[in-house]
Amino acid sequence: MAATSSNSLLLKNPNLHSNGFSLKNPTTKLTFPSSHFTAQSRLNKSMSITCAATQSKDLSTNNSTTPSQDRVFNFAAGPATLPENVLQKAESELVNWRNSGMSVMEMSHRGKDFVSIIEKAESDLRTLLNIPSDYAVLFLQGGATTQFASIPLNLCNPNDSVDYIVTGSWGDKAFKEAQKYCKPNVIWSGKSEKYTKIPSFDDLKQNPDAKYLHICANETIHGVEFKDYPTPKNKDGILIADMSSNFCSKPVDVSKFGIIYAGAQKNVGPSGVTIVIIRKDLIGNAQDITPVMLDYKIHAENNSLYNTPPCYGIYMCGLVFEDLVNQGGLVEVEKRNMKKAEILYNAIDGSGGFYRCPVEKSVRSLMNVPFTLEKSELEAELIKEATKEKMVQLKGHRSVGGMRASIYNAMPLAGVEKLVTFMKDFQSRHA
């Protein structure tokens, strides 16, 4: 029952409120890769759209340090934990959204109320990522997996060559789907080393005629994350990234990419919404066989409202974007994510081999932390005991086994600290 209540939108006690924690005085010095850019310094200069109806109370900028009494620390990879203050605000607006007399779930997707919701969601996302004006933002359906087909259908002819760097299961699936619609080449794969590394970009043998170079920026299953990004060898080629599991977890220079796409259910909302950020000059060249629902031109011309979109999911994403803006933007969000990841990886590395993370240290994910136990027969017991302590969904993906702790934006520092304390205690009793 605890796992069910953690995913319940209708919180049983909305009057409970959580204390915030501050990163103004972190105990550990944080450093940033040189690739990070300074677009967030312009955060306060961006325009913000206000919803048409009367505003409800603002989202708190505090990220809860402890969950409400009936909630757990949810380490699921997706659908994943959401900020509790966002859930509380959604609950307060569930029946009657801002004096409109109806729920967001009941609104016409072309009515002024919902249009104001989707416009503000886009505006806040543009603020967070400093998205240039020559990029369109699309709110779609079908998950990131649908984009595995949409991308080659929209950008390529059947005989066009494209390059894929495969650093995990999702990159491999994207490559296999593209085989149906163009001529993809795997220019590097980490499969032989069980997807624990990312290649040196200088060693990549790119096709100079490739229409695009595709990467998965963060492999959710294997916990491998790009810390910098390669440049396509073809001067007219573009870089495309599946950012599903690290979307909005840190600043990104959008101008380096032709397309960024992400399923929302990892870091910014419930399942059902897929976000595509695409340079506008890439729109309008779809193959004739492209289904209408996969044609970027159709969705761009209709402002993501060609058909009925996942309205409530978009609304929830908008609340999360607003919350991230209120926190100070993605620079501040990344600091917190680095802190959490450091604590957990240090606990694993400092366990004397009782716990092990197989991923090369330089490319370890800040979002998804896979690890194994030296005594694999103890994994089931660890999961059982952790669940009793209200820490759930720590089992690794079925394809790789082991353990995995997903520590997305909404996972509070207290959740990671509790997990580490539990892991140390478990080790002391079973070593």
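The paragraphs below lead through a predicted model, from its overall make-up to individual strands, helices and loops.

The protein has 431 residues, of which 56% count as buried, and its secondary structure consists of ten helices and 14 strands. Among contacts between residues at least 6 apart in sequence, 73% join residues that are at least 24 apart. The surface that the protein exposes comes to about 18800 Å², and carbon and sulfur atoms supply 49% of that area.

A good place to begin inside the protein is strand β8, which covers residues 238-242. Five of the five residues of β8 are buried, so this strand is largely enclosed by the rest of the structure. In a regular strand the side chains alternate between the two faces of the sheet. In β8 both faces are covered, with I238, I240 and D242 buried on one side and L239 and A241 buried on the other. Strand β5 is joined to β8 by five bridges and runs parallel to it, and in this pairing Y212 stands opposite I238. Strand β9, residues 259-263, also pairs with β8 in the parallel sense, over three bridges, and here I259 is the bridge partner of I240.

Strand β5 also appears in the surroundings of helix α5, since the buried residues of α5 pack against α4 (143-155), β3 (161-166), β4 (183-189), β5 (212-216) and β6 (218-219). Helix α5 spans residues 169-178, and its buried residues are S169, G171, D172, A174, F175 and A178. An α-helix has 3.6 residues a turn, so residues three or four places apart point the same way.

Beyond β6, in the loop that leads to β7 (224-225), lies T220, which counts as buried because its relative accessible area is 4%, where the cut-off for buried is under 20%. Apart from neighbours within four places in sequence, T220 is in contact with A77, W170, S245, K266, N368, R404 and Y408.

Another part of the protein holds an open sheet of three strands, ordered β11-β12-β14 and paired in the antiparallel sense. Because β11 (355-356) and β14 (403-406) stand at the edges with a single partner strand each, one side of each is left without a neighbour in the sheet. Helix α8, residues 330-349, packs on this sheet and touches β11, β12 and β14, and its direction makes about 15 degrees with that of β12. Two bridges join β11 to β12, residues 368-373, and Y355 stands opposite L373 in β12.

Some loops carry backbone features worth pausing over. Most residues other than glycine have a negative phi, and most peptide bonds are trans. The peptide bond from G78 to P79, however, is cis, with omega near -5 degrees, and P79 lies in the loop between β1 (73-74) and α2 (84-92). Y195, which is not a glycine, has a positive phi of about 55 degrees; this residue sits in the loop between β4 and β5 and counts as buried, at 8% relative accessibility. Q393 likewise is not a glycine and has a positive phi, of about 65 degrees, but Q393 is partly exposed, with a relative accessible area of 49%, in the loop between β13 (391-392) and β14.

The last stop is at the surface, where V292, M293 and Y306 make a nonpolar patch of about 230 Å². V292 belongs to the loop between β10 (274-279) and α6 (296-301), and with a relative accessible area of 39% V292 is partly exposed.

Methods:
Residues numbered from 1 in each chain as written. Predicted model: local features only at pLDDT ≥ 70, side-chain atom pairs only at ≥ 80, totals over all residues. Heavy atoms only, no water. Patch = residues over 30% accessible without salt bridge, like charges linked within 9 Å, V, L, I, M, F, W, Y side chains within 5 Å. Areas by Shrake-Rupley, 256 points an atom, 1.4 Å probe, with all protein chains shown as cover. Salt bridge = Lys/Arg side-chain N within 4 Å of Asp/Glu carboxyl O. Helix = DSSP H or I, 4+ residues; strand = E, 2+ residues; numbered from the N terminus. Buried < 20%, exposed > 50% of the residue type's maximum accessible area, 1.4 Å probe, protein only. Contact = heavy atoms within 4.5 Å. Pairing = 2+ DSSP bridges. Axes fitted to C-alpha atoms, helices over the stretch in contact; angles between N-to-C directions.
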